[in-house]
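Q: I would like to learn how to go through a structure feature by feature, taking the general idea before the particular case. Could we begin with a helix and work outward from there?

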Amino acid sequence: MSRGHEPPPRLLLLVLALLVAAGPSEAELVFGFYNATCPIAEGVVFAEMRAILQEDPTLAPSLLRMHYHDCFVQGCDGSVMLRSRRGAAERDATPNRSMRGFDAIERIKARLEMLCPLTVSCADIIAMAARDAVHLSEGPWYEVETGRRDGNVTVAEYAANDLAPPDSNIVDVKTFFSVKSLNSRDIAVLFGSHSIGTSHCAAFHKRLYNFTGDMDQDPSLDARYARRLRKLCPRTGGRGRTKVPIDPGSGFTFDLSYYRHVLATGGLFQSDGSLLHDAATRGYVQKMANASSPDEYYKDFAAAMVKMGRTDVLHGRQGEVRASCGVFVD
């Protein structure tokens, strides 16, 4: 190559200087981001999570759900923790009103602030807590990329618009996920998070009693399972109090039974059942429902969680690392 096609030496030096100055912390998320600045960070999060779940095991699915709800609304930036005196924050939106675990994240943050002040972001704590919630529910352990910074904007309407409601069909689900660069396989894998947790009747009441607006039931829902749900959730009364396991018989163990349940009954939510209405997602459900070991699923889940955790993150000099996660924005 002739020297006429080479960039000027001064320009090359400038580009190299910028790359060195940026470093991995400003360019991307990495595994072990806090190795130099707070090497005990992940150990502290895990120790606190173990204590929290020993006190209340039902928080595990909520803390897993929190990471998903954080990432899908403005990216994984911890904004789900922000508060509004006017009721205008993400946590005030309808999809988040039943969410629990905010105090748990604050507890972990307070502990880290004592040990490594203004170092570990709320967004990273949420991501690590989600991983630990899975592992402490007999699920896999996987490495979490860190280096996220926290956002300082929270808008309830964003949560209402960006989170797929439980009565979504497969077209809607794929639309919500594709906006976040997540494909059909990611959908099928991440829906396995429903292996742990419960739901209030209101989230699937329409599916039982007014599916098409004609006082009918979703015909894709298994009849025997539907009768059980109707007993637990009558047409009138009890809709706000009763909690139903999303994965009956294994509601707090992270395993493959969710896929067997969806394949056999159509699942609790319409969105669960919608996995059977697409060739790619149905194929994955069938494969996991018939798997003899969870190992392949655990590997897929780890990869999908890392991928989701990269959604629209703030890093480097973007955003902030604040001393408390749930500060008021107004």
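A: Let us do so, keeping in mind that this is a predicted model. Helix 14, which covers residues 295–308, has 14 residues and reaches 20 Å from its first C-alpha to its last, close to the 20 Å expected at 1.5 Å a residue.

Q: Which residues of helix 14 are buried, and what do they pack against?
A: The general idea is that an α-helix has 3.6 residues a turn, so residues three or four places apart point the same way. In helix 14 the buried residues are Y297, Y298, D300, F301, A302, A304, M305, V306 and M308. Their packing partners are helix 3 (59–72), helix 5 (122–135), strand 2 (145–146), helix 8 (184–190), helix 11 (257–265) and helix 13 (279–289).

Q: How should I read aromatic pairs, and how many are there by this rule?
A: Two rings pair if their centres lie within 6.5 Å, and planes that are neither under 30 degrees nor over 60 degrees apart count as tilted. By this rule the count comes to 15 aromatic pairs. One of them joins F177 and F191, whose ring centres are 6.1 Å apart and whose planes stand at 50°, so the pair is tilted. This pair links distant parts of the chain, since F177 is in helix 7 and F191 is in the loop between helix 8 and strand 3 (198–200), 14 residues apart. F177 counts as buried at 3% relative accessibility, and F191 is buried as well, with a relative accessible area of 8%.

Q: What is the geometry of the pair formed by Y297 and F301, and how are these two placed in helix 14?
A: The ring centres of Y297 and F301 are 5.9 Å apart and their planes are at 40°, so this pair is tilted. Because Y297 and F301 are four residues apart in helix 14, about one helical turn separates them. Y297 is buried, with a relative accessible area of 0%, and F301 counts as buried at 0% relative accessibility. Both rings also belong to a cluster in which ring pairs link Y142, F254, Y258, Y259, Y284, Y297, Y298 and F301.

Q: Turning to charged side chains, how many salt bridges does a search of the whole structure find, and which side chain meets R107 at 3.0 Å?
A: The rule to keep in mind is that a side-chain nitrogen of Lys or Arg must come within 4 Å of a carboxyl oxygen of Asp or Glu. A search of the whole structure finds 15 salt bridges. Among them is the one in which the side chains of R107 and E48 meet at 3.0 Å, N to O. R107 lies in helix 4 and E48 in helix 2 (residues 41–55), so the pair ties together parts that are 59 residues apart in sequence. R107 is partly exposed, with a relative accessible area of 32%, whereas E48 is buried, with a relative accessible area of 15%.

R107 also forms a salt bridge with E55, where the closest N and O atoms are 3.1 Å apart. Here too the pair links distant parts of the chain, with R107 in helix 4 and E55 in helix 2, 52 residues apart. E55 is exposed, with a relative accessible area of 59%.

Q: With which residue does D132 form a salt bridge, and are the two buried or exposed?
A: D132 forms a salt bridge with R131, the closest N and O atoms being 2.6 Å apart, and both D132 and R131 are buried. Salt bridges that share partners join E42, R131 and D132 into one network.

Q: Where is phi positive in a residue that is not a glycine?
A: The background is that most residues other than glycine have a negative phi. E138 nevertheless has a positive phi of about 70°; this residue is found in the loop between helix 5 and strand 2, and at 59% relative accessibility E138 counts as exposed. S181 is another case, with a positive phi near 60°. S181 is found in the loop between helix 7 (170–178) and helix 8, and is exposed, with a relative accessible area of 56%.

Q: Finally, which residues make the nonpolar surface patch?
A: I40, M114 and L115 make a nonpolar surface patch of about 300 Å². Of these, M114 is found in helix 4 (residues 102–115) and is exposed, with a relative accessible area of 63%.

Definitions and conventions
Residues are numbered from 1 along each chain as its sequence is written. This is a predicted model: local features need pLDDT of at least 70, side-chain atom pairs count only at pLDDT 80 or more; totals for chains, interfaces and linings use all residues. Side-chain values use heavy atoms; hydrogens and water are left out. The expected span of a helix is 1.5 Å times one less than its number of residues. Buried means under 20% relative accessible area, exposed over 50%, partly exposed in between (1.4 Å probe, protein chains only). Contact means heavy atoms within 4.5 Å. Patches are made of residues with over 30% relative accessible area and no salt bridge: like charges are joined within 9 Å, nonpolar side chains (Val, Leu, Ile, Met, Phe, Trp, Tyr) within 5 Å. Accessible areas come from the Shrake-Rupley method with a 1.4 Å probe; for residues, only the protein chains shown count as cover. Rings of Phe, Tyr and Trp (its six-membered ring) pair if their centres lie within 6.5 Å; planes under 30 degrees apart count as stacked, over 60 as edge-to-face and the rest as tilted.
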